[in-house]
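The exercises below concern how strands are ordered in a sheet and how helices pack. Work through each task with the sequence and model open, and then compare your reasoning with the solution.

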Amino acid sequence: MHTTKNTIAVIGGGSWATANVKMLADNSTPKDIYWWMRNGEAVEHLTKFRHNPRYLSSVEINVPAQHISTDLKAMLAQAEFVLLNVPAAFLKDALSGITPQDLEGKKIVSAIKGIVPDENLIIGEFLNQRYGIPFNNLLVLSGPCHAEEVALEKLSYLTIASPDTELAARFAGMIDTRYIKTIVSDDIYGTEYSAVLKNIYAIASGICHGLGYGDNFQAVLISNAIREIERFVEAIHHIDRDIKESAYLGDLMVTAYSQFSRNRTFGNMIGKGYTVTSAQLEMNMVAEGYYAVNCLHQINKQHNVYMPICNAVYNILYQKRSPYNEMKHLAENLS
Ligand SMILES: NC(=O)C1=CN([C@@H]2O[C@H](COP(=O)(O)OP(=O)(O)OC[C@H]3O[C@@H](n4cnc5c(N)ncnc54)[C@H](OP(=O)(O)O)[C@@H]3O)[C@@H](O)[C@H]2O)C=CC1
Ligand SMILES: O=C(CO)COP(=O)(O)O
């Protein structure tokens, strides 16, 4: 039984980081929360008004002003747990001044659903290879949960995966609340990869919606998508898992169908004829699936898993192929 007070540093200033800070603060276990973000103006606003100005701005933040900072090393130094919440494409940049010593002995929780570009590594692998974090100190926070619904305190379920399930249960005890239920898993690879993949399928779903396909087709698309996820995670890390669990199927469904999904919104714009750049400019937030599909395409060269939906999204976003033609071709290959 752990007796000292928990300390945690949340790294990132977007919607999910803001929602995670809210859960941690609403949870009754005594803890000190430290919060790093790159934007100095947002820190100033937060410390004065207790609201994040650009993300989930209605949420009141109950963290002492002196615990919110742009000084990453100072925030990390205080904490036993580090909750990473920067989009994967910017993680290397965010951690550029950090050494393995700064993270030594810490328990690192990744709430990121993306792949580190160029490295083509999921976050757990990247932290292990670059910073020497042992897998037993790594946790993944995932599951079907949009930040906007956390802000509204709508009932949500999160999965915490780690090879050390006692550690995962300890972290679960730091975030569960009246509106957050937790599930513990030991499948870090499957949990991370399926969270990355579902963003790509949500883009596919958005593209199809933008092109005018209806709910009947969407259901077939998503039933093919879960089989694609199952094939891929089985090829990467073969264990006895039930792909219908919330961390896999649930997360795919919420992202592919929810009005709050960034990835679906981005895909919808592509289906309606926006270019990638104009769709990105239109959104204040990051669609991880855009970066992930390029990485996945590279990773799958080693595994050769049959992934027609991923290929279609890759062709549209990176080969500038016509969304209409790609989806027409894909539709002929779904079952
Ligand atoms: N939002 C959600 O509901 C959920 C998100 N996630 C995951 O959480 C992670 C964070 O996403 P989320 O909080 O949604 O992000 P948002 O889209 O809400 O915010 C974007 C964040 O990225 C930062 N950013 C944007 N451009 C850059 C850049 N060039 N360099 C460095 N940082 C940059 C922004 O900082 P700034 O404001 O300073 O520009 C901001 O903190 C993602 O992996 C996402 O998949 C997981 C579950 C739910
Ligand atoms: O991961 C999420 C929900 O579980 C968030 O998905 P989006 O980034 O598409 O909004």
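**Exercise 1.** Establish the strand order of the open sheet of eight strands, and find which strands stand at its edges.

*Solution.* The order is S3-S2-S1-S4-S5-S8-S9-S10, with mixed pairing, where strands are DSSP runs of E of at least two residues, helices are runs of H or I of at least four, both numbered from the N terminus, and two strands pair if DSSP finds at least two bridges between them. The edges are formed by S3 (68-69) and S10 (180-185), each of which has a single partner strand, so one side of each lacks a neighbour in the sheet.

This is a predicted model, in which local features need pLDDT of at least 70 and side-chain atom pairs count only at pLDDT 80 or more, while totals for chains, interfaces and linings use all residues. Residues are numbered from 1 along each chain as its sequence is written, and chains are lettered from A and ligands numbered from 1 in the order in which they are written.

**Exercise 2.** Determine the sense in which S4 and S5 pair, and name the bridge partner of Phe81.

*Solution.* Strand S4 (residues 81-84) pairs with strand S5 (residues 107-110) in the parallel sense, over four bridges. Within S5, Lys107 is the bridge partner of Phe81.

**Exercise 3.** Describe how H9 and H11 cross.

*Solution.* The axes of H9 (residues 188-211) and H11 (residues 246-257) come within 8 Å and cross at roughly 25°, the axes being lines fitted to C-alpha atoms over the stretch in contact, with angles from 0 to 180 degrees between N-to-C directions. H9 and H11 are therefore roughly parallel to each other, a label for angles under 35 degrees.

Key:
Parallel < 35°, antiparallel > 145°, perpendicular 65-115°, else oblique.
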